[in-house]
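Work through the exercises below with the model open beside you. Try each task before you read its solution.

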Amino acid sequence: MQFTSEQHLDDGVLERAFTLGGIPGILWTPAAAPSSSSPAPLILLGHPPLGLRRMYPRLAARALRSAADGFATATVELPGSGDRPRLPVVDRARADLRRAMETGGPVTDEIIDALVLPLVDEAVPEWRAALDALLSLPGIGGPVGYSGGVISIGIRLAVAEPRIVAANLFAGSLVPRAMFEEARRVTVPLHVLLQWDDEGNDRQAALELFDAFGSKEKTLHANMGGHTGVPQFAGDAAAQFFTRHLK
């Protein structure tokens, strides 16, 4: 991991950009500098595949909120996003999805699989490599949580990565049917956010996915409104969830 820049944000939060194997990322740490004897718990901040530059304002706001609760947070650029090489199969599927939505045609399982599964297959090993590097830094430690982003990436990480002990998932992206089977293997505590009127999300599929999760502790936090209309109290509930499970 190589740090490429740093700056202090509000409340003294330290933001450091880094690269890891050519993949850009950002690490935020609280102003009250954690030490090796008292490391800060870590939350991995997921995001949609729109590029870190475009997502930065929302990611930084989430990082500042988490830092106020004593958490370090980090994120990495997703495959095919930002300045990273494109994923042709995903780009073709995205174009097929756009045409289907414009014409009122069906969004087939084939489109969803091609749109999501290649991204999951590439992104999850990269997140795990980033976690290795982050947890080797002084003052950063477990337990680890995962929050937001493409829900299928969160599912795969929750199954594959034993260092993740709690996950806050956003039910706002299309989910391949194969991921429902993986969801049955998720056992960590879950807090799932669902926007009831999300125009780009299949509400019934989101409810079925929540039912499929194998976790004994799982909470569905549903709110009226569209994809970008998440109320402030929903963020407060997610923060309380991580405070309970990571401290």
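Rings of Phe, Tyr and Trp (its six-membered ring) pair if their centres lie within 6.5 Å; planes under 30 degrees apart count as stacked, over 60 as edge-to-face and the rest as tilted. By this rule the count comes to 3 aromatic pairs.

The model is predicted: local features need pLDDT of at least 70, side-chain atom pairs count only at pLDDT 80 or more, and totals for chains, interfaces and linings use all residues. Residues are numbered from 1 along each chain as its sequence is written, and side-chain values use heavy atoms, with hydrogens and water left out.

**Exercise 1. Classify the ring pair of F3 and F18, then place it in the chain.**

Step 1. Take the geometry. The ring centres of F3 and F18 are 6.4 Å apart and the planes stand at 80°, so this pair is edge-to-face.

Step 2. Locate the rings. F3 belongs to strand β1 and F18 to strand β2, 15 residues apart, so the pair links distant parts of the chain. Strands (E, at least two residues) and helices (H or I, at least four) are DSSP runs, numbered from the N terminus.

Step 3. Check burial. Buried means under 20% relative accessible area, exposed over 50%, and partly exposed in between (1.4 Å probe, protein chains only). F3 is partly exposed at 31%. F18 is buried at 1%.

**Exercise 2. Trace the pairing of strand β2 with β1 and with β3.**

Step 1. Apply the rule: two strands pair if DSSP finds at least two bridges between them.

Step 2. Start with β1 (residues 2–8). It runs antiparallel to β2, with 6 bridges. E6 has R16 of β2 as its bridge partner.

Step 3. Go on to β3 (residues 23–29). It is joined to β2 by 7 bridges, again antiparallel. Here E15 has W28 as its bridge partner.

Step 4. Ask how enclosed β2 (residues 14–20) is. Of its 7 residues, 5 are buried, so the strand is largely enclosed by the rest of the structure.

**Exercise 3. Find the positive phi values in the two hairpins.**

Step 1. Take the hairpin of β1 and β2. It has 5 residues between the strands. D11 lies in this loop. Its phi is positive, about 60°, although D11 is not a glycine. D11 is exposed, with 71% relative accessibility.

Step 2. Take the hairpin of β2 and β3. It has 2 residues between the strands, and G21 in the turn has a positive phi of about 60°.

**Exercise 4. Describe helix α1: its bend, its buried residues and what covers them.**

Step 1. Find the bend. It is the angle between axes fitted to the seven residues ending at a residue and the seven starting there. Helix α1 (residues 52–68) bends by about 40° at R58.

Step 2. List the buried residues of α1. They are L52, M55, L59, A60, A63, S66 and A67.

Step 3. Relate the spacing to the helix. An α-helix has 3.6 residues a turn, so residues three or four places apart point the same way.

Step 4. Identify the cover. It includes β3, β4 (40–46) and β5.

Step 5. Look just past the helix. G70 takes a positive phi of about 95° there.

**Exercise 5. Which residues are in contact with W127 and with Q195, leaving aside neighbours within four places in sequence?**

Step 1. Use the cut-off: contact means heavy atoms within 4.5 Å.

Step 2. Take W127 in helix α3 (residues 109–135). It is buried, at 2% relative accessible area. Its contacts are L44, L45, G46, A74, T75, V76, L78, I153 and L157.

Step 3. Take Q195 in strand β8 (residues 190–195). It is buried too, at 5%. Its contacts are N223, M224, G225, G226, H227, G229, V230 and P231.

**Exercise 6. Find the charges over rings, then the cis peptide bond.**

Step 1. Set the test. NZ of Lys or CZ of Arg must be within 6 Å of the ring centre and within 35 degrees of the ring normal.

Step 2. Apply it. The charged end of R177 sits over the ring of F180, 4.0 Å from its centre. K247 lies over the face of F71, at 5.1 Å from the ring centre.

Step 3. Turn to the backbone. G142 and P143 are joined by a cis peptide bond, with omega about -5°. P143 is in strand β6 (residues 140–148).

**Exercise 7. Which elements have the lowest and the highest mean pLDDT?**

Step 1. Recall the scale: pLDDT is the predictor's confidence in each residue, from 0 to 100.

Step 2. Compare the elements. Helix α7 (residues 232–246) has the lowest mean, 89, and strand β5 (residues 72–76) the highest, 98.

Step 3. Set this against the whole protein. The average is 93, and 98% of the residues score at least 70.
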